[in-house]
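Work through the exercises below with the sequence and the model in view. Each task is followed by a solution in steps.

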Amino acid sequence: MKNNRDYLPRIIDKRIDLYLHTFGAVCIEGPKWCGKTMTSSHHSKSEIYLGDPDGNFQNRRLAQMAPSLVLEGEYPRLIDEWQEVPELWDAVRFSVDKSQIKGQYILTGSATPNHKGILHSGTGRIASIRMQTMSLFESKDSSGLVSLKSIIDGDFSPVMTGEVNLMQLIELIVRGGWPASIGLSLQNAVLLPKSYMENVITEDIFKVDGIKRDISKIRLLLRSLARNESTTVTNKKLKNDIKSIDDEDINIDTIADYLNLFNRLFITDNLKPFSSNIRSSLRIKQSEKRHFTDPSLACALLNITPQMLINDLNTLGFLFESMCLRDLRIYAESSGGKLYHYQDYDNNEIDAVIEAEDGKWYAFEIKLGANQIDEAARNLKHIYDKLAKSPETRLPSAMVVICGLSNAAYRRDDGIYVIPITALKD
């Protein structure tokens, strides 16, 4: 690992180290500009960049003509944007099979290519890791006074965390967790997600499979997703939303195709539904919660400014939830956990559920204001009592309210934790 003083440590670093000691190669996937290349370079000893334009993209042409030559270099060797030449996947797999050496290659990718041309899945040789934009703790906007692990391990201690300003939270949402925006003024930082989405719409979507699509309809669908951020809106409702708001029409098959593209480009990162017991008589809605990989993307698509959010607390609430979900996912995955959401057919909902590797699960309600904590706690207790009626159902090991405007982390008399997002870490 390189000793780079300018490198901001990422929570995913430990997982990358673990995988490099376990597998022959590691593939780090995620949205462009989330820090994949910098983090991968931090862990590598030699590098090749397929997107380097020098020599008329000679690295890419070399990879196409002689993939094995691209692999030559000190291990771990970084191969950046490998999906530009999908044949490299098989070349890496073959090299790993042949040598049986751990930690040979680090691949990075900001799009999932078609599997056509890839002969082998790489199972057991190449391990994939999904990387997110920065959490508040990684960008140093969370004090980290409370760790998620302390709640899971049962050694939580209450602590005063300090006052939080509403405008500060709004700026963190609009800015997003992009490494390049850290230290910039808000006026400059908001340009990054806007530029990001414009590049995706006009260039990256075509590059994924070379198919030309209707850019105007892509914009409409992305705006609809932004309006429905952190909801379980269906494809049919997305279609109706586009029709009613933008007075345009789009068919369901096209929506499905575009949504698949957004997933492949890591623009969206939907939350899957959670069931405490799949054999339980309790019926669970099997709907994903719509979620951009970073809340700033929804803001960029809707041209949202901080002042607009001050005047629209409902939208602010959904975007605050989106930011918290991003952070909870990062913190949960650092210890092998997975993030879900919960919704049953009586419309009882839990904003976020973390399921640990040992099968225990933890329920999280997300509220912007401290005046909403009691309401969130009542909701958690109501669902807990309902689940407790079914003997087959696993009950949550802890229930937590993640809050924006709270000045303390503590455990209530009813056993429910209250944690400010600006004090949380992994």
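**Exercise 1: a loop residue**

Ser135 sits in the loop that links strand 5 (126-130) with strand 6 (146-147). Helices (H or I, at least four residues) and strands (E, at least two) are DSSP runs, numbered from the N terminus. The model is predicted: local features need pLDDT of at least 70, side-chain atom pairs count only at pLDDT 80 or more, and totals for chains, interfaces and linings use all residues. Residues are numbered from 1 along each chain as its sequence is written, and side-chain values use heavy atoms, with hydrogens and water left out.

Task: state whether Ser135 is buried or exposed, and list what Ser135 is in contact with.

Step 1. The relative accessible area of Ser135 is 0%. Buried means under 20% relative accessible area, exposed over 50%, and partly exposed in between (1.4 Å probe, protein chains only). Ser135 is therefore buried.

Step 2. Contact means heavy atoms within 4.5 Å. With neighbours within four places in sequence set aside, Ser135 is in contact with Ile11, Arg326, Asp327, Ile330 and Tyr331.

**Exercise 2: the sheet of five strands**

Task: give the strand order of the open sheet of five strands, name its edge strands, and describe the surroundings of strand 4.

Step 1. The order is 2-3-4-1-5, with parallel pairing. Two strands pair if DSSP finds at least two bridges between them.

Step 2. Strand 2 (46-49) and strand 5 are the edge strands, each pairing on one side only. On average, neighbouring strands of this sheet are turned by 20 degrees against each other, direction ignored.

Step 3. Strand 3 (residues 77-80) runs parallel to strand 4 (residues 105-109), joined by three bridges. Across this pair, Arg77 stands opposite Tyr105 and Leu78 opposite Ile106. Strand 1 also pairs with strand 4 in the parallel sense, over five bridges, and Ile28 stands opposite Thr108.

Step 4. Helix 2 lies across strand 1 (25-29), strand 2, strand 3 and strand 4, at about 175 degrees to strand 4. Helix 5 (residues 88-99) touches strand 1, strand 3, strand 4 and strand 5, and its direction makes about 160 degrees with that of strand 4. Axes are lines fitted to C-alpha atoms, for helices over the stretch in contact, and angles run from 0 to 180 degrees between N-to-C directions.

Step 5. Five of the five residues of strand 4 are buried. Tyr105, Leu107 and Gly109 are on one side, and Ile106 and Thr108 are on the other.

**Exercise 3: two helices**

Task: describe how helix 1 and helix 2 are placed, and which residues make the contact.

Step 1. Two packed helices are described by the angle between their axes and the distance between the axes.

Step 2. The axes of helix 1 (residues 13-20) and helix 2 (residues 36-43) come within 11 Å and cross at roughly 50 degrees. That makes helix 1 oblique to helix 2. Angles under 35 degrees count as roughly parallel, over 145 as roughly antiparallel, 65 to 115 as roughly perpendicular and the rest as oblique.

Step 3. Helix 1 contributes Asp13, Ile16, Asp17 and Leu20 to the contact, and helix 2 contributes Thr39, His42 and His43.

**Exercise 4: the sheet of seven strands**

Task: give the strand order of the open sheet of seven strands and name the strands at the edges.

Step 1. The order is 7-12-13-11-10-9-8, with mixed pairing.

Step 2. Strand 7 (159-160) and strand 8 (338-343) each have a single partner strand, so one side of each is left without a neighbour in the sheet.
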